Amino acid sequence: MRITIRDIQRLKTERRRIAMLTAYDATMARLVEAAGIPIILVGDSLGMVVQGHQTTLPVTLEQMIYHTQMVVRGTQRALIVADMPFATYQISAEQAFANAARLLQEGGAGAVKLEGGESLAPTVARLTENGIPVMAHIGLTPQHVHQIGGWRVQGRDLAAARALVAAAKAHEASGAFAIVLEGIPAALAAHITARLSIPTIGIGAGAGCDGQVQVLHDLLGLIEDFTPKHARRYAKLGMAIRKVVARYIADVEAGAFPSQAHSFSMDESILAELD
Ligand code: KIV
């Protein structure tokens with residue numbers, strides 16, 4: 001049985017911190033789950049770290065379904081949350097329901113995540129009232145990068161801070177089971193967290209959230225030329241991969257790979273029969 005949204009909500013009640021990470025394919029998802037992560041996010045950040053785009057905006061619903069299927073196949077226990085891509089939930093609540101349902105039915109996700117403030121609460125309600133668990137996402141929402149004018153911390157002035165508190169409360173009232181707080185001051189995130197009964201999951205929102213989410217590629221050091229301020233690089237896998245590939249090239253060029261141990265034998269009498 002997979003972890004459910006009730007299990008996640010219980011973690012807040014028990015004051016246990018929640019670690020969430022992204023994964024975009026079966027192999028990585030299997031590793032992440034084996035390490036004990038309870039929630040895997042199939043984030044539309046894959047548009048940047050897998051597809052090589054500058055933003056998350058080009059990611060399509062079909063692509064999210066495809067990646068969600070892979071992550072679901074690689075896991076057995078984790079709750080899989082799939083991002084709803086840009087323009088797949090803003091037109092109407094009906095559009096949002098139809099597309100979210102595809103992420104559950106075809107992708108196999110256990111929940112969806114969507115980005116937006118208080119005005120999105122009726123859409124959250126439409127989904128949650130009809131059986132689709134929703135994780136809301138407010139603050140520095142990457143799908144709004146053009147409107148925000150870059151990757152800028154949100155909620156620093158009174159009006160913006162009030163709007164974020166109102167959005168968090170509205171999403172909770174609409175049935176969201178958790179809320180991602182991205183790129184907001186730590187004190188504001190702690191203030192919001194203290195006022196909600198559902199867990200907040202922070203990214204660039206300080207230690208006062210109920211949980212944290214990070215992009216796996218940032219943790220692993222796979223993107224070598226940039227690490228966001230909110231991320232901690234736990235490994236240098238980019239460098240490790242380059243070293244491995246360089247050794248492989250050297251071995252191939254020197255005739256040192258493959259060795260006999262990597263080769264297959266056959267009966268020499270058959271070989272002798274060949275022209
Ligand atoms: O797309 C993503 O990976 C996300 C997280 C960074 C929260 O939305």
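Author: A residue counts as near a molecule if one of its heavy atoms lies within 4 Å of it. Keep that in mind as we look at this predicted model.

Reader: Happy to! Which residues are around the ligand here?

Author: Going along the chain, you meet Thr22, then Leu41, Gly43, Asp44 and Ser45, then Asp83, Lys113 and His137, and finally Ile203, Val213 and Val215.

Reader: And which side chains have an N or O atom at a short listed distance from a ligand oxygen atom?

Author: A polar contact is a pair of N or O atoms within 3.5 Å. For Ser45, a side-chain N or O atom is 2.5 Å from an oxygen atom of the ligand. The corresponding distance is 3.0 Å for Asp83 and 3.1 Å for Asp44.

Reader: How much of the ligand's accessible area does the protein cover?

Author: On its own the ligand has 260 Å² of accessible area, and the protein covers 96% of that.

Reader: Where does the ligand sit?

Author: You will find the ligand in the largest pocket.

Reader: Now the protein interior: how do I read a nonpolar core?

Author: In soluble globular proteins, nonpolar side chains tend to be buried together. Here the largest nonpolar core has 54 residues, and Ile40, Leu127, Leu181 and Ile192 touch the most other members.

Reader: What is Ile192 in contact with, beyond its neighbours within four places in sequence?

Author: Those contacts are Leu164, Val165, Ala168, Leu181, Ile184 and Thr200. Apart from the largest core lies another one, of 17 residues, including Ile3, Ile8, Met135 and Ile201.

Note on methods: Residues are numbered from 1 along each chain as its sequence is written. This is a predicted model: local features need pLDDT of at least 70, side-chain atom pairs count only at pLDDT 80 or more; totals for chains, interfaces and linings use all residues. Side-chain values use heavy atoms; hydrogens and water are left out. A nonpolar core is a set of buried Ala, Val, Leu, Ile, Met, Phe, Trp, Tyr and Cys residues joined through side-chain atoms within 4.5 Å. Buried means under 20% relative accessible area, exposed over 50%, partly exposed in between (1.4 Å probe, protein chains only). Contact means heavy atoms within 4.5 Å. A polar contact is a pair of N or O atoms within 3.5 Å; within protein, one must be able to donate a hydrogen and the other to accept it, and residues adjacent in sequence count only if both atoms are side-chain atoms. Accessible areas come from the Shrake-Rupley method with a 1.4 Å probe; for residues, only the protein chains shown count as cover. On a 1 Å grid over the protein atoms alone, a cavity is a set of points where a 1.4 Å probe fits but cannot get out, and a pocket is an open set with protein on both sides within 12 Å along at least five of seven lines; lining residues have an atom within 4 Å of a point. A molecule sits in a cavity or pocket if more than half of its atoms lie within 2 Å of its grid points.
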